[in-house]
Each structure stands twice: as structure tokens, then as C-alpha cells.
Amino acid sequence: MSSSANPAARPAPQISVSATYMRGGTSKGTFFKLSDLPERCQVPGAARDNFLLRVIGSPDPYGKQIDGLGNGSSSTSKTVILSKAKQADHDVNYLFGQVNIAKPMIDWAGNCGNLTAAVGACAINMGLIDDSRIPDNGICEVRIWQENIGKTIIAHVPVYTDEQGNIQVQETGDFELDGVTFPAAEVKIEFIDPVDGDSSMFPTNNLVDDFTITDSEGNSQTFEATFITAGIPTIFMKAEDLGFDGTELQGTINGHSELQQKLESIRAQGGVAMGLFKDVSEAEKSQHIPKIAWVAPAATYTASSGKTVAGEDIDLVVRAMSMGQLHHAMMGTAAVAIAAAATTQGTLVNQAAGGGDLSEVRFGHPSGTLLVGGKTENNDGRWQAKKVSMSRSARRIMVGEVFVPADCF
């Protein structure tokens, strides 16, 4: 009997789900309204993870995510679920999932600071923001509850009234963000109290630690490190201690397996030192956190676009790894960590920026530069970041339906 005559053997149909594909900062992701998801995907669990993995095209041993909306990089292998906020004085709930490219895994442990820039605009367009909160023209202050980390973020989204009298999000403009080819409208982001109030921003209670690394052959080496939990748990080290100068581009790191393995080992051991893991084996299951980054004093270099970044125009250089790869620009959450560390006197980041009492810094990254600001306080011996700010941009790329096989979740 042919398969067409046997209903049980017929291939599964595809289903469609409403989705918005957006760029936020230097990342891209697929955004969903929670109520639009299949019912069994509206709650945490295997069904939701499998659905999102299939949307993005993971796991993909080829590393390209050809059969999904991912683009084969950590910056584009991302998903977002939005819903009306249940917390008082908030507008929208933002849940972020970092999709692993090669493995069947989604990391829900942290936030994506870059996609945060797109949350406010997407929430307005999805009808999740009360009309009374949106001005006819000017700036709409969207109060975001970041569910992954339980923190408040304020997005200042520009809006205007079009010729038909409809309120629109302004997406085009002349704000240029290094790492993004085209200009767009500026979206200012404020991360409010990005560190838990009952814990220190520095999990070891030190601004700088002597950090001992043991390699695969049992050899030990001690480095200086600043461990911080603002924005996202991050390990900052001196570029020179790692054999770098802080002006590296992706080609210097990515594709060099021995070097990547070394950095991954440092990340895993740093996660143990920060109390994130009981042992290094747990790092395999949480590749989104912590991040590892290295800093150096300001220097002139050629960015990935070919333009020259002049040392006199920046305060320091920073490079950071994301999901095992050198990031092509800078993760938004890592930029929060940079801002908090740079504005705290004595950290390695502050030292690289020249030291002293700083309220903002402009740092160089592989694609160019970024200005970030911060305000930190020491209360009874415990450091806290009260607010961190930066400017990003965001734009809708596509609004429509994404298709997945009905049997994938």
C-alpha cells in the first residue's frame, strides 16, 4: 500500500504562528506574543523549547541554521516572548531565550541587552501597551519587567502621529550604532538597579581577585580578574595576561579551536569562582553565563568595517566572548557590566579607563565604539549599581507568520 493511502504514514503538516522579526542593537531575534503561541508552548517546558529551537533552526551540526530564522551566530540565534506585565508599575513582561546553534538547548538564565532595545517598540506594535501610556508625539516610556533576571528596564521609544492620525513607532532616523550598517532612531535604555539589593555587585566581595586557572594538563597560572554580576555575570581580565592587546577582531579568535577552548576553560572556572556553578562541568549546560571579557587601555585600531578607531576618542578597549565566539560588537548586557565596573574605582575596567571617579566611558569594540554611563554606590561595604544607561536602536524587519512542522514540539 502506498504511503498516500495510509493516513498514519502521511507527513506532519506545518502550522503557522504570528511572529515579528526584529533587530535590536547589534542583535536580531524572533519575537512572539505569549498568547499567540500554541497553548502547550505558553508555559515553560520541553514543548516550548522544541518549538523555539525549530523556529530558529537548531540544533544544526552545520552551524548555519539554514532551516530556520537563525543566521549561524549567537547574535542572531535569539527568541523573545512578550506579554502584558503582571508586576505593578510595569507595562510589558520580557522573556529572553538564547538558542544554542549546535545543541538542542535554550539558555533562559540571562537577558539580552541588545534585544532590550526592540522590546518597547515591539510591545507597542503588538498592542501590549495601554493607549493612555503612549503620547501622540515624542517619547513613550515603556516600563519593562525582565523576567529572566527579575529586573526593571526603561526603554525611551520615540513615537509620532502619521498623516492618517495613527500613532507609529519611529524606527528610522540618523542615530548611528557601530556594528549596524544603517542609521535608525535612537532608543535610550536605562537598567534600573541591575544588581540584587541583598547581594553585592561583586560576588567575591573584591574589586580585583587573584584568579588561579588550571589547564587540561594540570598546570596552574594566576591572573587578576574582576568578577561582576551587573547586567550579566561577567569575568573581566587584562588583555595582556591572556596574550592579547584588546584590539582583536573575530578572525583572531573564532575558528582557532585551541584558543577558544582555553577561553572556555577560563569561563567555566570563573563561573565556579563566582558561585554560579558547583564545578566546571555545569558550565556546559549554561553557556550564556558568565561572559568572559578582556580590557586594555585605549589604543588606535582598525574596526571590522575598515574604519579607524582613534585611541584619543575612547577611554579603553574591551573584547567579549558570547556562546564561545568573539562577539562582533558588544552584547548589551556585557555593556551594562562594563558601565558598572568602569564607574567603580579600583576594578580592572576602571583601571584600563584611566582610573578615578568616572560617570561614563566610551569603549572600543570590534565594530567601533559605544558610550555607556553608570552610577554605583558602596552601602555598608556592599557595592550596588543604581542605574546604567546606553543608547541603542531597533527596527522591524518582518511581521507575519513563521512555519514549523506540527510534530516538532
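**Exercise 1. Which residues line the second largest cavity?**

Before the solution, some conventions. The structure is a predicted model, in which local features need pLDDT of at least 70 and side-chain atom pairs count only at pLDDT 80 or more, while totals for chains, interfaces and linings use all residues. Residues are numbered from 1 along each chain as its sequence is written, and side-chain values use heavy atoms, with hydrogens and water left out.

*Step 1.* On a 1 Å grid over the protein atoms alone, a cavity is a set of points where a 1.4 Å probe fits but cannot get out, a pocket is an open set with protein on both sides within 12 Å along at least five of seven lines, and lining residues have an atom within 4 Å of a point.

*Step 2.* The lining of the second largest cavity consists of Asn111, Ile149, Lys151, Thr152, Ile153, Phe191, Ile192, Pro194, Gly231, Thr333 and Val336. Two or more of the lining residues come from each of strand S7 (151–161), S9 and H5, where helices (H or I, at least four residues) and strands (E, at least two) are DSSP runs numbered from the N terminus. Strand S7 provides the largest share, 3 residues.

*Step 3.* Sorted by class, this lining holds 6 nonpolar, 4 polar and 1 charged residues, given that Ala, Val, Leu, Ile, Met, Phe, Trp, Tyr, Cys and Pro count as nonpolar, Asp, Glu, Lys and Arg as charged, and the others, Gly among them, as polar. The space in the second largest cavity is about 50 Å³, a volume being the space filled by probe spheres set on the points, with grid points joined across faces, edges and corners.

**Exercise 2. Describe the largest cavity and the largest pocket.**

*Step 1.* There are 4 cavities of 30 Å³ or more, and the largest cavity holds about 70 Å³ of space. It is lined by 15 residues, of which Ser27, Lys78, Cys112, Ser322 and Met331 are the closest to its centre.

*Step 2.* Helix H2 (113–125) and helix H5 (332–342) each contribute at least two residues to the lining of the largest cavity, which by class is made up of 2 nonpolar, 11 polar and 2 charged residues.

*Step 3.* The largest pocket contains about 500 Å³ of space, and among its 24 lining residues the closest to its centre are Gln260, Gln287, Met323, Gly324 and Gln325. At least two lining residues come from each of S4, helix H4 (257–273), S13 and strand S16 (316–322), and H4 gives the most, with 7 residues. The classes in the lining of the largest pocket are 8 nonpolar, 12 polar and 4 charged.

**Exercise 3. Find salt bridges that link distant parts of the chain.**

*Step 1.* With a salt bridge taken as a side-chain nitrogen of Lys or Arg within 4 Å of a carboxyl oxygen of Asp or Glu, the count is 11.

*Step 2.* Arg143 and Asp91 form one of them, at 3.0 Å from N to O; Arg143 belongs to strand S6 (residues 138–146) and Asp91 to the loop between strand S3 (78–84) and strand S4 (92–99), 52 residues apart. Asp91 is buried at a relative accessible area of 9%, where buried means under 20%, exposed over 50% and partly exposed in between (1.4 Å probe, protein chains only). A network of salt bridges joins Asp91, Arg133 and Arg143.

*Step 3.* Lys386 and Asp193 form another salt bridge, with their closest N and O atoms 3.4 Å apart. Because Lys386 lies in strand S20 (residues 382–405) and Asp193 in the loop between S9 and strand S10 (209–214), the pair ties together parts that are 193 residues apart in sequence. Lys386 is partly exposed at 30% relative accessibility, and Asp193 is partly exposed at 33%.

**Exercise 4. Examine the aromatic pair Phe244 and Trp294.**

*Step 1.* Rings of Phe, Tyr and Trp (its six-membered ring) pair if their centres lie within 6.5 Å, and planes under 30 degrees apart count as stacked, over 60 as edge-to-face and the rest as tilted. The whole structure has 4 aromatic pairs.

*Step 2.* The pair of Phe244 and Trp294 is tilted, with 4.7 Å centre to centre and 40 degrees between the planes. Phe244 is buried at 12% relative accessible area, and Trp294 is buried at 0%.
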